[in-house]
Amino acid sequence: YNIGYDGQLHIPQTYDLGLLILDQPISLAEYGQLPEAGTLDSLATARGTKDTVFTVSGYGLTYKPNAIAPVPPTCYRERLMASSRLVNLNSALTAGFNLQTQGNGSGLGGTCNGDSGGPVFLGGFDSNLIVGVTSFGLNSLCRGTDFAYRIDTPEVLAWIQSYL
């Protein structure tokens, strides 16, 4: 099920969110938690929030050297996690629908091809509060700015809750 994604990337309102409903329940030791509506709103204009940490997770490429390199991309085919920092929530590319993070820097990482659909957690590696879903990036070499579709909006939370 998807919230309205039509196969095209309409920025900023991408509707890039889907749910997979399993035929049978599964039992895990821990589950990701949904945020309250507006969890990220206070970060949109507050000074000093650029150091806010998010943890991104996915199964995509680990490294992509460059478009013409004779070296193939690296992919471990296992779940990887990385810390990213907040860039903004209110720009022409985000407009309250997306979360923009930056994965470059000392000890940081970001997303890459194949990570789309993976969770974005508010906080460090021990966080289980999911606030976004990896959607798109601006650099084809997985070096730079990452965008996640926010799930803390009232409309998105109501849509998710309608399936629970």
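Start by selecting Val120 and Gly132: Val120 stands opposite Gly132, which sits in E5. Bear in mind as you go that this is a predicted model.

**The strands around that pair**

Widen the selection to residues 119–122 and 130–137. These are strands E4 and E5, and they pair in the antiparallel sense over 3 bridges. Strands of a sheet pair through backbone hydrogen bonds, either parallel or antiparallel, so backbone atoms are worth switching on here.

Now go to the other neighbour of E4. Strand E1 pairs with E4, again antiparallel and over 3 bridges. To see one of the matched positions, pick Phe54 and look across to E4, where its bridge partner is Leu122.

Where does this lead if you keep walking from strand to strand? Round a closed barrel of 6 strands, in the order E1-E2-E3-E6-E5-E4, with antiparallel pairing. From one strand to the next the twist averages 45 degrees.

**Zoom out**

Show the whole chain as a cartoon. The secondary structure comes to 1 helix and 6 strands, and along the sequence the pattern reads β-β-β-β-β-β-α. Colour by accessibility and you will find that buried residues make up 37% of the 164 residues. Switch to a surface: the chain exposes about 9500 Å², with carbon and sulfur atoms supplying 53% of that. As for contacts with a separation of 6 or more, 62% are between residues 24 or more positions apart.

**A charged trio**

How many salt bridges does a search of the whole structure find? There are 2. Select Arg150 and Asp41 for one of them: their side chains meet at 2.7 Å, N to O. This pair links distant parts of the chain, with Arg150 in strand E6 (residues 145–150) and Asp41 in the segment before E1, 109 residues apart.

Add Asp152 to the selection. Its side chain meets that of Arg150 in a salt bridge of 2.8 Å, N to O. Salt bridges that share partners join Asp41, Arg150 and Asp152 into one network.

Which of these residues are buried, and which partly exposed? Buried means under 20% relative accessible area. Arg150 counts as buried because its relative accessibility is 3%, and Asp152 does too because its value is 1%. Asp41, at 45%, counts as partly exposed.

**Staying with Asp152**

Keep Asp152 on screen and select Ala37. The two are 115 residues apart in sequence, yet 4.8 Å apart in space, C-alpha to C-alpha. Ala37 is in the segment before E1 and is partly exposed, with a relative accessible area of 48%. Leaving aside neighbours within four places in sequence, Ala37 is in contact with Asp152, Pro154 and Leu157.

**A patch on the surface**

Next, select Leu20, Leu22, Ile26, Leu28 and Tyr31 and show them as a surface. Together they form a nonpolar patch with about 540 Å² of accessible area. Click on Ile26, one of its members: this residue lies in the segment before strand E1 (53–58) and is partly exposed, at 49% relative accessible area.

**Backbone oddities**

Most residues other than glycine have a negative phi, and most peptide bonds are trans. Three stops are worth a look with that in mind.

- Ile11 and Pro12: a cis peptide bond joins them, with omega about 15 degrees. Pro12 is found in the segment before E1.
- Tyr15: its phi is positive, about 50 degrees, although it is not a glycine. Tyr15 lies in the segment before E1 and counts as partly exposed at 35% relative accessibility.
- Ala95: phi is near 45 degrees, a positive value in a residue other than glycine. Look for Ala95 in the loop between strand E2 (80–88) and E3; its relative accessible area is 33%, so it is partly exposed.

**Last stop: Cys112**

Select Cys112, in the loop between strand E3 (98–102) and E4. Is this loop residue buried or exposed? Cys112 counts as buried, because its relative accessibility is 11%, below the 20% cut-off. Then add Phe136: Cys112 and Phe136 are 24 residues apart in sequence and 8.8 Å apart in space, C-alpha to C-alpha.

How values were computed. Residues numbered from 1 in each chain as written. Predicted model: local features only at pLDDT ≥ 70, side-chain atom pairs only at ≥ 80, totals over all residues. Heavy atoms only, no water. Patch = residues over 30% accessible without salt bridge, like charges linked within 9 Å, V, L, I, M, F, W, Y side chains within 5 Å. Areas by Shrake-Rupley, 256 points an atom, 1.4 Å probe, with all protein chains shown as cover. Salt bridge = Lys/Arg side-chain N within 4 Å of Asp/Glu carboxyl O. Helix = DSSP H or I, 4+ residues; strand = E, 2+ residues; numbered from the N terminus. Buried < 20%, exposed > 50% of the residue type's maximum accessible area, 1.4 Å probe, protein only. Contact = heavy atoms within 4.5 Å. Pairing = 2+ DSSP bridges. Axes fitted to C-alpha atoms, helices over the stretch in contact; angles between N-to-C directions.
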